[in-house]
Amino acid sequence: MTQPGKPDRAAWIQGPSARCNPPPDRAQEPWRLILLGAPGVGKGTQADLLHQRLNACHLSTGDVFRAAGSRAECDPSPAMKAALQYMRRGDLVPDSIVWEMLLERSGCLRCGGGFLLDGFPRTLAQAESLKQLMENQRLYLTAVLNYRLPLNEIVARLCGRRTCQNCKAVYHVTERPPKAADLCDHCGGKLFQREDDRPESVKVRLEAYEKSTAPLTDFYQQQGLLVKVTASGSPAEICERTIGALEDWRKRNSARERA
Ligand code: AP5
């Protein structure tokens with residue numbers, strides 16, 4: 001289930017044999033963006049808001065793994081079972097498993113509405129593979145957004161996060177509380193705390209980010225694609241800041257995008 005009015009991203013979440021409902025609109029100049037930033041910095045929250053403004057589809061690798069883990073009707077494959085073990089501990093899933101999952105869904109990178117890639121790439125090997133795949137398909141990234149926030153605020157966001165068990169809407173116990181305690185505003189579903197938001201997993205995730213994912217900022221900076229965004233303030237303020245940065249970016253780089 002997804003939030004009412006939000007595309008169900010079926011081809012991404014379930015795999016290429018599923019059809020998205022509603023089908024994505026074609027954009028004249030689709031935005032093809034990567035969202036980088038530490039766990040809990042607010043990438044998923046921003047992806048939701050950016051989707052409403054830019055129409056590009058929110059492609060989250062974490063959502064694919066979580067959906068596979070919660071699908072009651074089928075037993076996950078051995079590779080997916082292994083992925084879920086890594087995820088519960090807060091460790092990165094091995095590149096080979098992530099890449100197989102991404103390749104299966106590579107049609108979503110050609111989506112006419114563009115994409116907001118959230119949680120991928122997370123290692124240099126993943127970034128290199130993505131670059132090669134996109135070059136082979138003559139697809140080009142518009143930009144890479146790098147969200148930044150002090151560590152203490154990141155930890156507070158992660159520890160207070162609650163997610164709806166039905167539609168997966170994201171809340172925060174103090175910053176974005178639901179109207180009725182523990183119940184989703186959109187569908188009335190029960191809110192729960194993600195397993196990997198427990199303090200012991202949060203520590204592992206932040207270490208994995210520093211070691212494996214933070215170096216990606218240099219990788220994209222060298223390609224002239226990195227756009228830095230301060231992730232403090234309300235979600236709406238950060239979204240406005242992002243849109244402003246992207247508009248500036250597009251003005252400065254439109255010649256390159258057309259090339
Ligand atoms: P994933 O689901 O990608 O998790 P993540 O990157 O750790 O990011 P989060 O979803 O935790 O945080 P977010 O930045 O989206 O923040 P959110 O918007 O929810 O990955 C999970 C796991 O899957 C990984 O640990 C790994 O095991 C595996 N995995 C996935 N992709 C992989 C890959 N490519 N390679 C290997 N392994 C992979 O916000 C957080 C909280 O803050 C919420 O409560 C929200 O309401 C609140 N909040 C948001 N914005 C604000 C604001 N402005 N002010 C106050 N509160 C706010």
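User: What is the bridge partner of Leu-59 in β3?

Analyst: In this predicted model, Leu-59 has Leu-117 as its bridge partner in β3.

User: What makes β2 and β3 a pair of strands?

Analyst: A pair needs at least two bridges between the strands. Four bridges join β2 to β3 (residues 114–118), so the two count as paired; they run parallel.

User: Why is β2 called an edge strand?

Analyst: β2 (57–60) pairs on one side only, and β8 (226–230) is likewise an edge strand. The order of the open sheet is β2-β3-β1-β4-β8, with parallel pairing. From one strand to the next, the twist averages 25°.

User: Which helix packs on the sheet, touching β2 and β3?

Analyst: That is helix α3 (residues 61–70), whose direction makes about 65° with that of β2.

User: Why is the pair of Trp-99 and Phe-120 called stacked?

Analyst: Ring centres must lie within 6.5 Å to pair, and planes under 30 degrees apart count as stacked. Trp-99 and Phe-120 have 6.2 Å centre to centre and 20° between the planes, so both conditions are met. Trp-99 belongs to helix α5 (residues 95–104) and Phe-120 to the loop between β3 and α6 (124–136), 21 residues apart.

User: Are these rings buried or exposed, and how do you know that for Trp-99 and Phe-120?

Analyst: Buried means under 20% relative accessible area, and exposed over 50%. Trp-99 has 21% relative accessibility, so Trp-99 counts as partly exposed. Phe-120 has 1%, so Phe-120 counts as buried.

User: Why is the pair of Phe-219 and Tyr-220 given another label, edge-to-face?

Analyst: The label needs planes over 60 degrees apart. The planes of Phe-219 and Tyr-220 are at 85° and the centres 4.9 Å apart, so the pair is edge-to-face. Both residues are buried.

User: How do you know that the buried residues of α5 are on the same side?

Analyst: The buried residues of α5 are Ile-97, Val-98, Met-101 and Leu-102. They cover an arc of only 130° around the axis, so they lie on the same side of α5. Ser-96 and Glu-100, on the other side of α5, are exposed. The cover over the buried residues includes α1 (10–13), α3, α4 (78–89) and α6.

User: What makes Arg-250 a charge over the face of Trp-31?

Analyst: The CZ of Arg must be within 6 Å of the ring centre and within 35 degrees of the ring normal. Arg-250 lies over the face of Trp-31 at 3.8 Å from the ring centre, so the distance condition is met. Arg-89 lies over the face of Tyr-86, at 5.0 Å from the ring centre.

Definitions and conventions:
Residues are numbered from 1 along each chain as its sequence is written. This is a predicted model: local features need pLDDT of at least 70, side-chain atom pairs count only at pLDDT 80 or more; totals for chains, interfaces and linings use all residues. Side-chain values use heavy atoms; hydrogens and water are left out. Axes are lines fitted to C-alpha atoms, for helices over the stretch in contact, and angles run from 0 to 180 degrees between N-to-C directions. Contact means heavy atoms within 4.5 Å. Rings of Phe, Tyr and Trp (its six-membered ring) pair if their centres lie within 6.5 Å; planes under 30 degrees apart count as stacked, over 60 as edge-to-face and the rest as tilted. Buried means under 20% relative accessible area, exposed over 50%, partly exposed in between (1.4 Å probe, protein chains only). The arc is that of the directions from the helix axis to the C-beta atoms.
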